[in-house]
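The following exercises invite the reader to study a protein model step by step. Each task is followed by a worked solution.

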Amino acid sequence: PSSMEARACEACDDDAEEWACEEGRPLLKSTGAKLGSYTSGLQLEESTLGKSALKAIEARRQHDGDVIARTISRSLDVFKGVLVIFMTFAHVDLALMSPVLQFYSAVPHFIGNFAAGQCFLGFMLAYGFSCDRAYLSNAKRRSAAEQMQRVARSVLLPVVAAWICSFAWAYICFKFPMDLKTTVALLSFRMAVGNGPDFLLCFPICLLAMFMLRPLLNRELDHSCATRRWLAVALLLVGPLALTRIVVLDCTGVRKYVNYFFECYARELWSPNLPALPHLFYFNLGLLLSRCAGACTSRWASGLPAQWTVVGGIVAVVVTVVLAACTQPLLSVWAMNYGNLQAATKWGPVSRGFSGGPTPLWLLGNLFFLEALLVGCFSLQYAVERVKVPFLGPSLRSVLAEVEHLGANVLLYLVVADICLAGLYRGAQGQFPLDLSGGFAMTIGLLLVTRFLFFLSSTSRSVGGDAPQAEVPGQAVASAPVPSKEAAAKCPHSPAGRPAARYRRALDRVGAVAA
């Protein structure tokens, strides 16, 4: 009755939000045990109902915070999946499409410039976001040994992938001599052959650089003084931009390895094109986005004040306008090839890599497009999870799931595509057989081949499984003693004992779930 609803609203505590009263109404049907005596007009026990309503509100907020955190993680994979598609298409164009068609045709030119400007920087931003949660922050308490093991695994995976890509381009494509000297040069990264090694080595270098600063990083970002926190944020962003001013004049000979860390002018053949430390700007940006997302979800769970939402929206609009203004120098040279961009503008030099790059204008000019893509992926993922569309929902959800799979397995798709393109490349003979439609078909084919390899690896049987072992030739089968029925029932590996063993395992799982 309306009188009961009115009393339920009156039972809400004064310091709760206004909409807490709306949460109290469903509790009338489910919390009858907590209602007081119904004498003289169905009076309610105000304190009990108020606490129950606040607990329900807190649980709902915690659930919403978990949903948002999961949506952020999935939308980040969708973001990386979109970049994987553009990266694969751009690599196909570089290897199999005529340079004239790449430069003068609108669609190949857009794909090449978009991939050169967004893919590597977007992957670095997403890598910083993931590394903060996994290795840098204090969100999960792990032992030092476990922490070092996880970091070593994350560092070695790109290094091994860089070796594979370098060997593929050296031996399959360019037909380098298969001798010990060449092998040592490839293993020591004295030669970075192809378009994968320097790209991949930037990620472990950035992770190791920030992991060594992990205690200082967490102490300053979690400090109680707001001034020190904002100073740490400024140093994380301005520091890498200042590193772009450090340009080594001569990176020949043994100094060639310096080019993996800093920008160089004089370079040798097969030198890295992308120095790692200036790109800490995007790694640190992803790290700060991870901290910001964690703080927002935790405050959402504890009740986000309305003024926080207004202030956050104003800050987001101001940042977007500033980033849009920073794109002007980069858009002024859109007609050029961003892959090896080195141009002088009235605002200053714009360079992606190679000699004297990247420059601050290059790093800042790509931020607006990455922000737009990231916000779009998050909005789409959030809408698919929360909005029920009768016909479009399932199909769109399936497409997003496949794109999310691409983003969750970036390294696999990069390595497989690189190996395939190393074998398909015919540029040394002056042959570029594909046009736009052929490049699109080749891109889909490479993604499907990698998807099939992933399916094979996920369905392959591990050694020591339940499959029957083949008999050794010449060995008598009856040589082993035959166990009794009681012993066979106790042995979990015998046919008679398998049902009992499975039953015991099922009971253990039920107990674990209940615990």
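**Exercise 1.** Along S3, which side chains point to one face and are buried, and which point to the other and are not?

*Solution.* The model is predicted, so local features need pLDDT of at least 70 and side-chain atom pairs count only at pLDDT 80 or more, while totals for chains, interfaces and linings use all residues. Residues are numbered from 1 along each chain as its sequence is written, and side-chain values use heavy atoms, with hydrogens and water left out.

Step 1. Helices (H or I, at least four residues) and strands (E, at least two) are DSSP runs, numbered from the N terminus. Strand S3 covers residues 342-345 and strand S4 residues 348-351.

Step 2. Buried means under 20% relative accessible area, exposed over 50%, and partly exposed in between (1.4 Å probe, protein chains only). The side chains of S3 alternate: Ala343 and Thr345 are buried and point to one face, whereas Gln342 and Ala344 point to the other and are not buried.

Step 3. Two strands pair if DSSP finds at least two bridges between them. S3 and S4 pair in the antiparallel sense over four bridges, and they form a hairpin with two residues between them. Within this pairing, Gln342 stands opposite Ser351 and Ala343 opposite Val350.

**Exercise 2.** State how many helices and strands the protein chain has, and how much of it is buried.

*Solution.* Step 1. The protein chain has 22 helices and four strands.

Step 2. Of its 515 residues, 40% are buried.

Step 3. Contact means heavy atoms within 4.5 Å. Among contacts between residues at least 6 apart in sequence, 69% join residues at least 24 apart.

**Exercise 3.** Describe how H7 packs against H8.

*Solution.* Step 1. Two packed helices are described by the angle between their axes and the distance between the axes. Axes are lines fitted to C-alpha atoms, for helices over the stretch in contact, and angles run from 0 to 180 degrees between N-to-C directions. For H7 and H8 (residues 144-173), the angle is about 155° and the axes are 10 Å apart.

Step 2. Angles under 35 degrees count as roughly parallel, over 145 as roughly antiparallel, 65 to 115 as roughly perpendicular and the rest as oblique. H7 is therefore roughly antiparallel to H8.

Step 3. H7 contributes Tyr127, Ala134, Tyr135 and Leu136 to the contact, and H8 contributes Gln147, Arg150, Val151 and Ser154.

Step 4. Ala, Val, Leu, Ile, Met, Phe, Trp, Tyr, Cys and Pro count as nonpolar, Asp, Glu, Lys and Arg as charged, and the others, Gly among them, as polar. The residues of this contact divide into five nonpolar, two polar and one charged.

**Exercise 4.** How do the axes of H8 and H19 cross, and what classes of residue make the contact?

*Solution.* Step 1. The axes of H8 and H19 (residues 410-424) come within 8 Å and cross at roughly 10°. The two helices are therefore roughly parallel to each other.

Step 2. Residues on the H8 side include Leu157, Trp169 and Cys173, and those on the H19 side include Leu411, Asp418 and Gly423. By class, the contact has 14 nonpolar, one polar and one charged residues.

**Exercise 5.** What kind of aromatic pair do Tyr127 and Phe203 form?

*Solution.* Step 1. Rings of Phe, Tyr and Trp (its six-membered ring) pair if their centres lie within 6.5 Å; planes under 30 degrees apart count as stacked, over 60 as edge-to-face and the rest as tilted. The whole structure contains 26 aromatic pairs.

Step 2. Tyr127 and Phe203 have 5.3 Å centre to centre and 80° between the planes, an edge-to-face pair. Tyr127 lies in H7 (residues 106-136) and Phe203 in H10 (residues 197-212), so the pair ties together parts that are 76 residues apart in sequence. Both Tyr127 and Phe203 are buried.

Step 3. Elsewhere, ring pairs link Phe86, Phe110, Phe114, Trp334, Tyr338 and Trp362 into a cluster.

**Exercise 6.** Is Ser75 buried or exposed, and which residues does Ser75 contact?

*Solution.* Step 1. Ser75 lies in helix H5 (residues 46-96). Ser75 is buried, because its relative accessible area is 3%.

Step 2. Leaving aside neighbours within four places in sequence, Ser75 is in contact with Cys377, Phe378 and Gln381.
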